[in-house]
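Please open the model in your viewer and keep the selection panel at hand, as this tour goes from one selection to the next.

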Amino acid sequence: MLLHDTALIYGRYLRQSLRSRFALLFGMLMPLLYLVFFGPLLTDLPLGGRGSSWQVLVPGLLLQLGLFGALFAGFMIIVENSQGVVERMRVTPVSRLALLLGRVLRDATVFVFQAVLLVLAALVAGLRAPLAGVLIGFAFVALLTVSLASLSYALAMKVHRPGEFGPMINAVSMPSMLLSGLMLPMTLAPGWLDVLSHFMPFRYLVDAMRDAYVGSYTTAAMLYGVLVAVGLTVLSVTVGTRVFRTSGA
């Protein structure tokens, strides 16, 4: 029943997304602009990491896509709450976990699709990376999306107005982007900032993806990245499901 219910919710929201083709394309606009206008500036610069500048930049842009997109996913819940959609779904026999999983799996599908388009554009720009590394990168984007979208939906269930939700998300997203080294490796940062960045879990995903893009799959960074991604996903889905079960009950 959980699989059936999840597929039902997933299909409903995926059809909504497919009807908004402009939203799908504009969702990757900011990472694409970074790729086009920022990427050429890094060519042949010593970035403190292995591989080319594209192998440093593109993994960060892919995670940036998931980070910002997933964190703001909760806006939809606020709208649905105000219209009574969430409450009507919760009084049905559908599993509370399915109500969350259907949404976050739709988000993961959308952002992985956008990530594929971004990688294709990066290949044209000059990216060269092993296929296995690119596929591992898509898996990290999916896990990051599931975890952050779950937390975003959980937070949105607790607030009542977009004006409250937006500043909270901005307060999380900007430090996360800066301290995780999405744009440039944190090895270029001063010592104190590099140490501080180790308390940001997203850094481990960025380091793991960059290793994957140069063909290194057995490094400590890859192990830490996988453990953090899986652990964060399990924790976030657990929190999100509990909020869906109890909020407003």
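For the first stop it helps to know that Ala, Val, Leu, Ile, Met, Phe, Trp, Tyr, Cys and Pro count here as nonpolar, that Asp, Glu, Lys and Arg count as charged, and that the others, Gly among them, count as polar. The model is a predicted one, and its protein chain has an average pLDDT of 85, with 96% of the residues scoring at least 70.

Begin with the largest pocket, whose volume is about 430 Å³. If you select Ala23, Gly69, Asp107, Val110 and Phe111, you have the residues closest to the pocket's centre out of the 23 that line it. By type, the lining is made up of 14 nonpolar, 7 polar and 2 charged residues.

Next, show the helices around this pocket: H1 (2–18), H2, H3 (29–38), H4 (53–71) and H7 (96–125) each contribute at least two residues to its lining. Which helix supplies the largest share of that lining? Select H7, since 5 of the lining residues come from this helix, the largest share.

Now turn to the surface and select Phe22, Phe26, Leu29, Leu33, Val36 and Phe37, which form a nonpolar patch with about 670 Å² of accessible area together. Both H2 and H3 supply at least two residues of this patch, and H3 gives the most, with 4 residues; Leu29 is found in H3.

Finally, colour the elements by confidence: helix H2 (residues 21–26) has the lowest mean pLDDT among them, 72, whereas helix H8 (residues 131–158) has the highest, 93.

Definitions and conventions:
Residues are numbered from 1 along each chain as its sequence is written. This is a predicted model: local features need pLDDT of at least 70, side-chain atom pairs count only at pLDDT 80 or more; totals for chains, interfaces and linings use all residues. Side-chain values use heavy atoms; hydrogens and water are left out. pLDDT is the predictor's confidence in each residue, from 0 to 100. On a 1 Å grid over the protein atoms alone, a cavity is a set of points where a 1.4 Å probe fits but cannot get out, and a pocket is an open set with protein on both sides within 12 Å along at least five of seven lines; lining residues have an atom within 4 Å of a point. Grid points are joined across faces, edges and corners, and a volume is the space filled by probe spheres set on the points. Patches are made of residues with over 30% relative accessible area and no salt bridge: like charges are joined within 9 Å, nonpolar side chains (Val, Leu, Ile, Met, Phe, Trp, Tyr) within 5 Å. Accessible areas come from the Shrake-Rupley method with a 1.4 Å probe; for residues, only the protein chains shown count as cover. A salt bridge is a side-chain nitrogen of Lys or Arg within 4 Å of a carboxyl oxygen of Asp or Glu.
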